Amino acid sequence: MKCEKCGSDINEMSKSCINCGFNPQGSGNEIYAGFGKRLIAAIVDSLIIFVPSIIIFFVLVFVLQAALFVTFFGGNMEGAHAVETLGNIIASVLSSGIFIIQTLYFAVFESSGKQATPGKRVAGIKVTDLQGGRLSFSKALIRNLGKIASSVMFIGYIMIAFTKQQQGLHDIIAGTLVVNAE
């Protein structure tokens with residue numbers, strides 16, 4: 001079946017044009033998720049990931065500060081240096097851990113049967129490949145690692161508002177779309 005707007009093929013799964021997003025059975029609205037819905041999803045997902053991370057961070061900082069206080073004012077300068085070094089190591093491990101957890105969080109949820117993180121489900125959107133199908137884990141991982149490039153001056157995210165299929169740089173890199181869920 002061909003699209004009446006642009007002449008491209010209609011995707012059998014989504015019943016929408018794979019090129020322009022036109023849905024001949026719907027109201028004619030685009031199927032692509034706009035910047036606003038994607039922003040809502042990002043906020044919800046950030047809360048899910050970062051609230052527990054911040055709690056863990058502050059508990060660790062409190063414990064390390066208490067240990068530093070006790071060793072420093074107890075006159076144990078070597079112990080104070082050890083606690084400071086331990087704090088730097090923990091901060092590095094925690095930062096790396098948050099990056100890994102965040103990347104896996106998105107890749108696992110976006111390659112799942114729901115094709116969406118909890119935030120995307122709240123916003124009513126999902127991630128697909130260019131044909132409207134489910135992402136493999138590797139494609140979802142590439143998409144989420146591509147967000148590093150999208151984050152440079154946020155240009156990769158700003159692109160969403162200006163590209164035909166409302167793709168960010170990370171979507172273009174991975175060959176994915178973010179669409180309105182049925």
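**Entry 1: a charge over a ring.** I started at K147, which lies over the face of F106, at 4.0 Å from the ring centre. I remind myself that this is a predicted model.

**Entry 2: the company F106 keeps.** Next I looked up which residues share an aromatic cluster with F106. I found Y105 and F109 there, the three forming one cluster.

**Entry 3: ring pairs.** I then asked how many aromatic pairs the structure holds, and noted five. One of them joins Y105 and F109: I read 5.0 Å between the ring centres and 70° between the planes, so I wrote this pair down as edge-to-face. The cut-off I needed here is over 60 degrees.

Where do Y105 and F109 sit along the chain? I found both in helix 2 (residues 77-110), four residues apart, which means about one helical turn separates them. I also checked how covered they are. Y105 has a relative accessible area of 12% and is buried, because buried means under 20%. F109, at 31%, counts as partly exposed.

My next stop was F154 and Y157. Their ring centres are 6.5 Å apart and their planes meet at 40°, so I called this pair tilted. Is F154 buried or exposed? I noted 54% relative accessibility for F154, so it counts as exposed. Y157 comes out at 24% and counts as partly exposed.

**Entry 4: two strands.** I moved on to strand 1 (residues 125-129) and saw that it is mostly covered, with five of its five residues buried. I wanted to know which residues lie on each side. On one side I listed I125, V127 and D129, and on the other K126 and T128; all are buried, and both faces of the strand are covered.

What does strand 1 pair with? I found strand 2 (residues 176-180), paired in the antiparallel sense over five bridges. For I125, I looked up the bridge partner in strand 2 and got N180.

**Entry 5: the largest pocket.** I closed with the largest pocket and noted a volume of about 550 Å³. It has 25 lining residues, and the closest to its centre are A42, Q102, F106, K147 and Y157. So here I met K147 and F106 again, the charge and the ring of my opening entry, because both are among those closest to the centre.

Which helix gives the largest share of the lining? I found helix 1, with nine residues. Helix 1 (35-73), helix 2, helix 4 (137-145) and helix 5 (147-150) each supply at least two. Sorting the lining by class, I counted 14 nonpolar, six polar and five charged residues.

Key: Residues numbered from 1 in each chain as written. Predicted model: local features only at pLDDT ≥ 70, side-chain atom pairs only at ≥ 80, totals over all residues. Heavy atoms only, no water. Phe/Tyr/Trp six-rings, centres within 6.5 Å; stacked < 30°, edge-to-face > 60°. Buried < 20%, exposed > 50% of the residue type's maximum accessible area, 1.4 Å probe, protein only. Lys NZ or Arg CZ within 6 Å of the ring centre and 35° of its normal. Pairing = 2+ DSSP bridges. 1 Å grid on protein atoms, 1.4 Å probe; cavity = no way out; pocket = protein on both sides within 12 Å on 5 of 7 lines; lining within 4 Å. Points joined across faces, edges and corners; volume = space filled by probe spheres on them. Nonpolar A, V, L, I, M, F, W, Y, C, P; charged D, E, K, R; others polar.
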